[in-house]
Amino acid sequence: MKKKNEITFVFDSCSENESLARTVMAAFIARMDPTLEELSDVKTAVSEAVTNAIIHGYEGGEGKITIHSQIEGNIVRIEVSDKGVGIPDIDKAMEPLYTTKPEMERSGMGFAFMEAFMDELEVISSEGEGTTVSMRKTIYSALNLS
């Protein structure tokens, strides 16, 4: 049977906590012995999801961000959730280079990066209720771990 491990942590939606989220996720998956590329992929995807929640979900205001992550075998699943404004058009928001904050010099590549660096990406959002970004990645270096 595959061993399962999970964590949930909640933090304030301030930009200083983006690096905290990256560090916590890196520490959590460290026991899977990921390659540097796998580790970088996960950290980048988490960083993008958290940044989106801060800038777009809460529009720079106060709120809480929740990360729930689960490791089962060599699969890591990560959910980044906010209770912010929500996304009115998810398909449009996921288009590369689309941004609702051009004045902030946002590249519009957050979802594209998440999609590129993770094996699966799903975005669920309701206006006025928030957004959950669910991601999955196989850590192939963990296949040989017992």
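Two strands count as paired here if DSSP finds at least two bridges between them. Keep that in mind for the sheet of this predicted model.

Start with the sheet. Select its 5 strands and follow them across in the order β1-β2-β3-β5-β4; the sheet is open and the pairing antiparallel. Strands of a sheet pair through backbone hydrogen bonds. At the edges stand β1 (4-12) and β4 (120-126). Each of these has a single partner strand, so one side of each is left without a neighbour in the sheet. Going from one strand to the next, the twist averages 10°.

Next, select β4 together with β5, residues 130-138. The two strands run antiparallel and are joined by 7 bridges. To see one position in this pairing, pick Leu-121 and look across to β5: Met-135 stands opposite.

Now add helix α2, residues 36-57. This helix packs on the sheet, where it touches β1, β2 (64-72), β3 (75-82) and β5. The direction of α2 makes about 175° with that of β5.

Finally, move to the aromatic rings. How many aromatic pairs does the structure hold? There are 2. One of them is formed by Phe-113 and Phe-117, with ring centres 6.1 Å apart and 25° between the planes. This pair counts as stacked because planes under 30 degrees apart are classed that way. Select helix α4, residues 110-117, to find both rings: Phe-113 and Phe-117 lie 4 residues apart in this helix, about one turn. Buried or exposed? Phe-113 has 31% relative accessibility and so counts as partly exposed. Phe-117, at 27%, is also partly exposed.

Technical notes. Residues are numbered from 1 along each chain as its sequence is written. This is a predicted model: local features need pLDDT of at least 70, side-chain atom pairs count only at pLDDT 80 or more; totals for chains, interfaces and linings use all residues. Side-chain values use heavy atoms; hydrogens and water are left out. Rings of Phe, Tyr and Trp (its six-membered ring) pair if their centres lie within 6.5 Å; planes under 30 degrees apart count as stacked, over 60 as edge-to-face and the rest as tilted. Buried means under 20% relative accessible area, exposed over 50%, partly exposed in between (1.4 Å probe, protein chains only). Axes are lines fitted to C-alpha atoms, for helices over the stretch in contact, and angles run from 0 to 180 degrees between N-to-C directions. Contact means heavy atoms within 4.5 Å.
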